[in-house]
Amino acid sequence: MMTDGASDMIRRATLQDVPAGAQVIHDWACQTDWMPEKLPVEQLTALIEEAFAHREIWVTGNPVDCYMSVDPNEQKIGALYCRRTGQGIGKRFVDKAKEGRAFLWLTTHTPNTAAQRFYQREGFEVTGEEPPVPPDTVPVYRMEWHA
């Protein structure tokens, strides 16, 4: 998909962006063979809408093809999914999440070694393994970043 420079701008999501963000997550799950749970887009949309008022949700793309959710109270990156990889967009999202913070944490699925390598390049370290949080069924690593 070709995009223009303006579509690469990271911006705060609106409620109108939520279905597209949910579609990005759903498509990733469907393309990931080790991911057993493929929640319907409608269910993902409802979950994001429910959390919307309590999260910093960022998107890029026109149409939206990258999505990040940050819980400012927990200092947690709750989700980062991007259809376009290898273009520096994920790094820009993580840099956005780090702005004004001295600490962040996240979880990444234990089989997702590419994500672990990415987060390690961004200064995150694995601090433990945790059981999955329903509806997820795949164990996760907790990773932390300290400024």
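Contact is taken here to mean heavy atoms within 4.5 Å of each other. In this predicted model, a contact of that kind links helix 1 and helix 2, with Val18, Pro19, Gly21, Ala22, Gln23, Ile25 and His26 on the side of helix 1 meeting Val41, Leu44, Thr45, Ile48 and Glu49 on the side of helix 2. When the residues of this contact are divided by character, 7 are nonpolar, 4 are polar and 1 is charged.

Two packed helices are described by the angle between their axes and the distance between the axes. For helix 1, which spans residues 18–31, and helix 2, which spans residues 41–51, the axes come within 8 Å and cross at roughly 125°. Because angles of 65 to 115 degrees count as roughly perpendicular and those over 145 as roughly antiparallel, the crossing makes helix 1 oblique to helix 2. The crossing in which helix 1 passes helix 2 is right-handed.

The strands of the model are considered next. An open sheet is formed by 7 strands, arranged in the order 1-2-3-4-5-7-6 and with mixed pairing. At its edges are strand 1 (11–12) and strand 6 (125–130), each of which pairs on one side only. Strand 1 runs antiparallel to strand 2 (residues 56–60) and is joined to strand 2 by 2 bridges, with arginine 12 standing opposite tryptophan 58 of strand 2.

Toward the other edge strand, strand 7 (residues 140–146) pairs with strand 5 in the antiparallel sense over 7 bridges, and in this pairing methionine 143 of strand 7 is the bridge partner of leucine 106. Strand 7 is also joined to strand 6 by 5 bridges, and these two strands likewise run antiparallel; here arginine 142 of strand 7 is the bridge partner of glycine 128.

Helix 1, already described in its contact with helix 2, also lies across strand 3 (66–71), strand 4 (76–82) and strand 5 (103–109), and runs at about 75° to strand 4. Two of the strands crossed by helix 1, strand 3 and strand 4, carry the cysteines of a disulfide. This disulfide joins cysteine 66 to cysteine 82, with an S to S distance of 2.0 Å, and the count for the model comes to 1 disulfide. Since cysteine 66 lies in strand 3 and cysteine 82 in strand 4, the pair ties together parts that are 16 residues apart in sequence.

Technical notes:
Residues numbered from 1 in each chain as written. Predicted model: local features only at pLDDT ≥ 70, side-chain atom pairs only at ≥ 80, totals over all residues. Heavy atoms only, no water. Axes fitted to C-alpha atoms, helices over the stretch in contact; angles between N-to-C directions. Helix = DSSP H or I, 4+ residues; strand = E, 2+ residues; numbered from the N terminus. Parallel < 35°, antiparallel > 145°, perpendicular 65-115°, else oblique. Left-handed = near helix turned anticlockwise from the far one by under 90°. Nonpolar A, V, L, I, M, F, W, Y, C, P; charged D, E, K, R; others polar. Pairing = 2+ DSSP bridges. Disulfide = S-S within 2.5 Å.
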